[in-house]
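Open the model in your viewer and get your selection tool ready. We will walk through it one stop at a time.

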Amino acid sequence: MKNIYSLKAIIAVLLLFVSINQVYASATIKISDGYIKASIPGSDVTAAYMKITNISDRTITLEKITSAISDQIEMHKHSMAGGMMRMRQVDNISVDANSSITLQPSGLHLMIFSLKQQLSENDNIMLTMHFSDKTKIDIQLPVYRYK
């Protein structure tokens, strides 16, 4: 009986790990470790983060992101200028051949404006990533309050 409970515990941990670390892939692109920050009550802005891996032998560019939760999703980059942290919109994000880029706080990230709904912890949100090689990848990202 003890072995059955141990097996159930192991399966539960594995399922939790898989659900947290979902990987989305095409023939040329892999997206992993993605999440969206829960929106602050009264705010209609949030951010999304992930790792994008280019598994092809040529540079691929993320050109736009679409979703039912917002009509305005932009790519942004934090940088230091004159001792001040600044955030600027970028037109696209290029990922060199056989390399990865991480979208993270205080670096490259996605800004989601004019949310059509409040995003709460444990929600799962669909985003569609549009790349220069005409690849479209639908990803389902969990919403976290803190990470």
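## A strand and its neighbours

Begin with β3 and β8 in this predicted model: the two strands run antiparallel and are joined by 5 bridges. Strand β8 covers residues 99-103. To see one of these contacts, select Thr 53 and then Ser 100, its bridge partner in β8.

Next, keep β3 selected and add β9, residues 108-113. Here 3 bridges link the strands, and the pairing is again antiparallel. Pick Ala 47 and look across to Met 111, its bridge partner in β9.

Now bring in β2, which spans residues 29-37. This strand is joined to β3 by 6 bridges, also in antiparallel fashion. Select Ile 31 on β2 and find Ile 52, its bridge partner in β3.

With those strands displayed, turn to β3 itself, residues 46-54. How many of its 9 residues are buried? Colour the strand by relative accessible area and you should find 8, so β3 is largely enclosed by the rest of the structure. While you are looking at side chains, keep in mind that in a regular strand they alternate between the two faces of the sheet.

For the last stop, move to the loop between β1 (23-25) and β2, and select Ala 27. Is this residue buried or exposed? Ala 27 has a relative accessible area of 72%, and the cut-off for exposed is over 50%, so it counts as exposed. Finally, draw a distance from the C-alpha atom of Ala 27 to that of Ser 56: the two are 29 residues apart along the chain, and the separation is 7.8 Å.

Definitions and conventions. Residues numbered from 1 in each chain as written. Predicted model: local features only at pLDDT ≥ 70, side-chain atom pairs only at ≥ 80, totals over all residues. Heavy atoms only, no water. Buried < 20%, exposed > 50% of the residue type's maximum accessible area, 1.4 Å probe, protein only. Helix = DSSP H or I, 4+ residues; strand = E, 2+ residues; numbered from the N terminus. Pairing = 2+ DSSP bridges.
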